[in-house]
Amino acid sequence: MSLLSRFFGFSPRLVWGVPEEQTRIVFENPTARGLLRASRPRRVVNSTDEGVLVENENWSAVSPPWDPRSLPAPKVNRLVIRPVWGSDHVEVERVCWRDRDWLEPWEATLPRGAKEQLPTLSEYQRRTDAEVEAGITLPMMIEADGKVVGMVTASNTVRGALYTTTLGYWIVSEYAGIGISSLAVAAVIDLLILKLGMHRVEINIRPENVPSLGLARKLRLREEGYKPRYMQIAGEWADHVAFAIDREELPEHGLVNEIWGPEANE
């Protein structure tokens with residue numbers, strides 16, 4: 001789509017060939033309706049967090065810098081998951097910077113000696129927006145009552161004989177532990193497979209990331225195996241556990257409907 005046609009509103013902005021409005025996901029009153037937790041769970045022996053057994057109380061390994069047992073969970077009246085465009089990238093970067101102590105230990109980095117350079121924010125914005133329209137990348141911003149609280153991003157998309165993509169996601173510390181990530185990831189998987197035509201979605205998780213492992217198991221994703229030194233994270237080659245789901249495994253009406261019930265999408 002040309003800039004001229006977009007400026008004069010001749011045609012809608014497209015996301016992977018679909019009008020942008022059709023890719024927006026909205027959950028009204030998710031806390032009141034039980035889609036999100038109203039209180040933060042205690043992570044103790046023989047308890048679960050996002051569906052995974054927690055075998056110890058090592059808070060530093062699996063928790064934000066605050067103790068969830070001492071703070072009430074934020075109430076969410078409206079949860080919106082939508083594509084990131086233009087100036088949205090600036091706000092996402094601002095949110096990440098404010099919460100960098102929480103997010104940086106899990107961020108991908110360039111290996112030592114890599115010849116490529118990280119793009120500037122404006123370069124990244126232009127490239128990513130073009131890749132969204134081309135169906136290569138899909139960054140979906142999570143907003144809680146208008147506030148950016150996380151992202152779910154599809155990347156490394158391959159079509160041809162594969163039709164597969166890889167998901168990554170993060171949530172800010174203030175909203176961690178109440179179920180937003182699992183609901184958002186499930187909703188984006190449903191979007192990718194049921195509406196955008198992907199056959200397979202893969203998620204790779206560090207074995208130290210206990211809540212994310214629980215998320216994958218809560219969503220009943222297939223565990224495919226262990227990937228030693230799979231990706232550079234925070235300056236080190238990190239092992240990952242691979243999970244996936246494909247069109248044949250996806251419940252007929254999607255993961256959100258299957259796990260949270262048909263009323264979740266209303």
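# Group meeting talk: a mixed sheet and its helices

Let me start with one pair of residues. E143 has V148 in β8 as its bridge partner. Keep that pair in view, and we will build outwards.

One caution before that. This is a predicted model.

So what do the two strands around that pair look like? β7 and β8 pair in the antiparallel sense, over 7 bridges. They form a hairpin with 2 residues between them. Look at D145 in the turn: its phi is positive, about 55°.

Now stay on β7. How many of its residues are buried? The count is 7 of 7. Take the two faces in turn. On one side you find L138, M140, I142 and A144, all buried. On the other side sit P139, M141 and E143, and these are buried too. E143, from our opening pair, is one of them.

β7 has another partner, β6. That pairing is antiparallel as well, with 5 bridges. Within it, P83 stands opposite M140 of β7.

Step back to the whole sheet. It is open, with 8 strands and mixed pairing. Read the order with me: β3-β6-β7-β8-β9-β10-β12-β11. Which strands stand at the edges? They are β3, residues 25-28, and β11, residues 222-233. Each has a single partner strand, so one side of each is left without a neighbour in the sheet. On average, neighbouring strands here are turned by 25° against each other, direction ignored.

Move along to β10 and β12. β10 covers residues 200-205, and β12 covers 236-246. They pair in the antiparallel sense over 6 bridges. I205 stands opposite V241 in β12.

Next, the helices on this sheet. α6, residues 180-195, packs on it and touches β3, β6, β7, β8, β9, β10 and β12. Its direction makes about 155° with that of β9. α3, residues 88-98, lies across β6, β7, β8 and β9. To β8, α3 runs at about 110°.

α6 comes back when we turn to pockets. The second largest pocket holds about 270 Å³ of space. It is lined by 16 residues, and the closest to its centre are I25, A187, D190, K195 and N265. Which element gives the largest share of that lining? It is α6, with 5 residues. β3 and α6 each supply at least two lining residues.

One more helix: α7, residues 210-218. Its buried residues are P211, S212, L213, G214, L215 and A216. After α7 comes R220, in the loop between α7 and β11. R220 is not a glycine, yet its phi is positive, about 60°. Is R220 buried or exposed? Exposed, with a relative accessible area of 53%.

Compare Y163, in the loop between β8 and β9. Its phi is also positive, near 50°, in a residue other than glycine. Y163 is partly exposed, with a relative accessible area of 32%.

Last, the chain as a whole. It has 8 helices and 12 strands. Of its 266 residues, 48% are buried. Take the contacts with a separation of 6 or more: residues 24 or more positions apart account for 68% of them. The chain exposes about 13,700 Å², and carbon and sulfur atoms supply 52% of that.

To close, back to the start: E143 on β7, bridged to V148 in β8. Thank you.

Notes
Residues numbered from 1 in each chain as written. Predicted model: local features only at pLDDT ≥ 70, side-chain atom pairs only at ≥ 80, totals over all residues. Heavy atoms only, no water. Pairing = 2+ DSSP bridges. Helix = DSSP H or I, 4+ residues; strand = E, 2+ residues; numbered from the N terminus. Axes fitted to C-alpha atoms, helices over the stretch in contact; angles between N-to-C directions. Contact = heavy atoms within 4.5 Å. Buried < 20%, exposed > 50% of the residue type's maximum accessible area, 1.4 Å probe, protein only. Areas by Shrake-Rupley, 256 points an atom, 1.4 Å probe, with all protein chains shown as cover. 1 Å grid on protein atoms, 1.4 Å probe; cavity = no way out; pocket = protein on both sides within 12 Å on 5 of 7 lines; lining within 4 Å. Points joined across faces, edges and corners; volume = space filled by probe spheres on them.
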